[in-house]
Amino acid sequence: MKESASDPTADIAREYLERETKDKQVLALLLEKFLGKKDRILVQKTEMGGTEAYVGSVSLEWFAGRVHFASGLPLLQKKYNPETDNVEIDADSIDEIQQRPLDWSRQAALVQYLAARKNHKFPPVLVVINQPWVDNLKAAEWDGEGIALKSTTDFTPLDKDGKVGLLNVSEEYVTIYALDGQHRLMGVQGLIELLKTGKLQRYKKDKTADDSVITINELKNQYQLDPADLQSLPKERIGIEFICAVAAGETRTEARRRVRSIFVHVNLMAAPLTKGQLAQLNEDDGFSIVARKIAVTHPLLEQQQNRNPRVNWNSATVATNSTVLTTLQALQDMSERYLGQKFPHWKPSDKGLIPMRPEDEELEQGIREFKQLFDYLASLPSYKLLEDEDTPALRRFSFEKEGGEGNMLFRPVGQVALSQAIGILVFKKGFSLADIFKKLRKFDQQGGFSGMEYPQSLWYGILYDPNKKRVQVVGRDLAAKLLIYVLGGIQDQMERAELRKALANSRTIENKTIGFDGKFVEPKQVGLPLVL
């Protein structure tokens, strides 16, 4: 019987796949051989703006142990303070400074983020590779003209184009400094210390010790962390980009200028997010999440056809002629000061730490509570005027161009103070929103929120600065207390006496106290308004 002929196409495909498999196995063996050396890192070579760089990744443990702060670069050693890891700025060093001062108060928050946040992620860091000969102008690596004969980076290509290869990072051979990513380095070093010792000292900005420590047991208990997950953190990898401290053909001065210029450009290009933009993006802060939801769904705030936007999503302030009612940042503050009375655990117990996202059920409850507040706010006579008028005329002071009502309800600071007062009354003192707003509607009808710039106003000297003729944020908490008082929430005589004194102090300008009739009076003659 005749054998069936094999399919030549299938044979070729099979041979190709077998050869490809063998090639991959050979490549894996070669990489294992090269990468087994601790002093070599697999990198890809890049070039931009005349600067060669090498991009790879390292473990967090390696990053913390091998990379130094840029302020420790030898050329800055004369002015380097090892206690703070900062460079002391004076007439001699100002031209050589390459980094902003480190803020050590940020370390605790960064460590908590890495340890407690499941989806943590640091961007790649930019580092400089230095060698001992750089600071010895008599070294063989410099020619007679002071020009470097070689680079401080030692790269061995593994492909014919020289784009992929091994970078020598031997500890005996090079020293590495973080050019961009110093605070990330600070955070990772703190994490490693916490895991090794079980605790981490908190610091103030200048690295003087704070009066507290973070312990690993506290983090485990607060965030229900798995010990195995914590111990695996040092093995996680971070992206890293290496550049040379000195390139072949450069003088030492040219090299310093190049490295310093790169640092400046990196920081200039990385524009920080505004508070409003952060509030838009924050998926962990419960107050931000609630504020965003209300901003896009509540009739008082949502975008509607045939009317101007009611919310400024980026800036934290409202310009005089802006048609918006509020800002996203103000809505977040309102949410925090109102719902914070009911959900205090939404805010981290330690200042500077990152909040953990609340459970969905609790978020939904917060959204319902905040929506109900806005339902009642929309019933105030001042906000009813928005059906026929735009916000500038209601916000502007009487002395400004085209004049206005000077109504605090159209100023973010007034909105936040009102929310804070109502939150305390509802969640701390047991008042109902219905009763509160029955009184507030009467107060509003009587002009209680308008004319901030007049001495007759309760907010004169508190939310309005008579000297600078503008709104002042410093009086926000006092304004909230006064609202609590006029709504019947302060019964204690001592508390009332302190409030009256604070009110008189706010109306005292250059040692002269202004009464509600606009005349100068003795401070003790300034009394509290009637309770509604």
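In this predicted model, the axes of helix H3 and helix H4 (residues 182-197) come within 8 Å of each other and cross at roughly 65°. Helices (H or I, at least four residues) are DSSP runs, numbered from the N terminus. Axes are lines fitted to C-alpha atoms over the stretch in contact, and angles run from 0 to 180 degrees between N-to-C directions. H3 and H4 are therefore roughly perpendicular to each other, a term that covers angles of 65 to 115 degrees, whereas those under 35 count as roughly parallel, those over 145 as roughly antiparallel and the rest as oblique. The crossing of H3 with H4 is right-handed, that is, the near helix is turned clockwise from the far one by less than a right angle. Contact (heavy atoms within 4.5 Å) is made by Gln-107, Leu-110, Val-111, Leu-114 and Ala-115 of H3 and by His-183, Met-186, Gly-187, Val-188, Gly-190, Leu-191 and Leu-194 of H4. By class, eight of these residues are nonpolar, four are polar and none is charged. Here Ala, Val, Leu, Ile, Met, Phe, Trp, Tyr, Cys and Pro count as nonpolar, Asp, Glu, Lys and Arg as charged, and the others, Gly among them, as polar.

Residues are numbered from 1 along each chain as its sequence is written. Local features need pLDDT of at least 70 and side-chain atom pairs count only at pLDDT 80 or more, while totals for chains, interfaces and linings use all residues; side-chain values use heavy atoms, with hydrogens and water left out.

A second helix pair is formed by H9 (residues 286-297) and H10 (residues 328-339), whose axes come within 8 Å and cross at roughly 120°. H9 and H10 are therefore oblique to each other, and their crossing is right-handed. Phe-287, Ser-288, Val-290, Ala-291, Arg-292 and Ala-295 of H9 meet Leu-328, Leu-331, Gln-332, Ser-335, Glu-336 and Leu-339 of H10. This contact comprises seven nonpolar, three polar and two charged residues.

H10 also packs against helix H11 (residues 360-377), at an angle of about 110° and with the axes 11 Å apart. H10 is thus roughly perpendicular to H11. The contact involves Leu-331, Met-334, Ser-335, Tyr-338 and Leu-339 of H10 together with Gly-366, Glu-369, Phe-370, Leu-373, Phe-374 and Leu-377 of H11. Eight of the residues in the contact of H10 with H11 are nonpolar, two are polar and one is charged.

Empty space was examined on a 1 Å grid over the protein atoms alone, where a cavity is a set of points at which a 1.4 Å probe fits but cannot get out, and a pocket is an open set with protein on both sides within 12 Å along at least five of seven lines; lining residues have an atom within 4 Å of a point. The second largest pocket holds about 390 Å³ of space. Among its 20 lining residues, Ala-115, Ala-116, Arg-117, Lys-118 and Asn-119 are the closest to the centre. Helix H3 (107-116) and helix H6 (227-232) each give two or more residues to this lining, and H3 gives the most, with four. The second largest cavity has a volume of about 40 Å³, a volume being the space filled by probe spheres set on grid points joined across faces, edges and corners.
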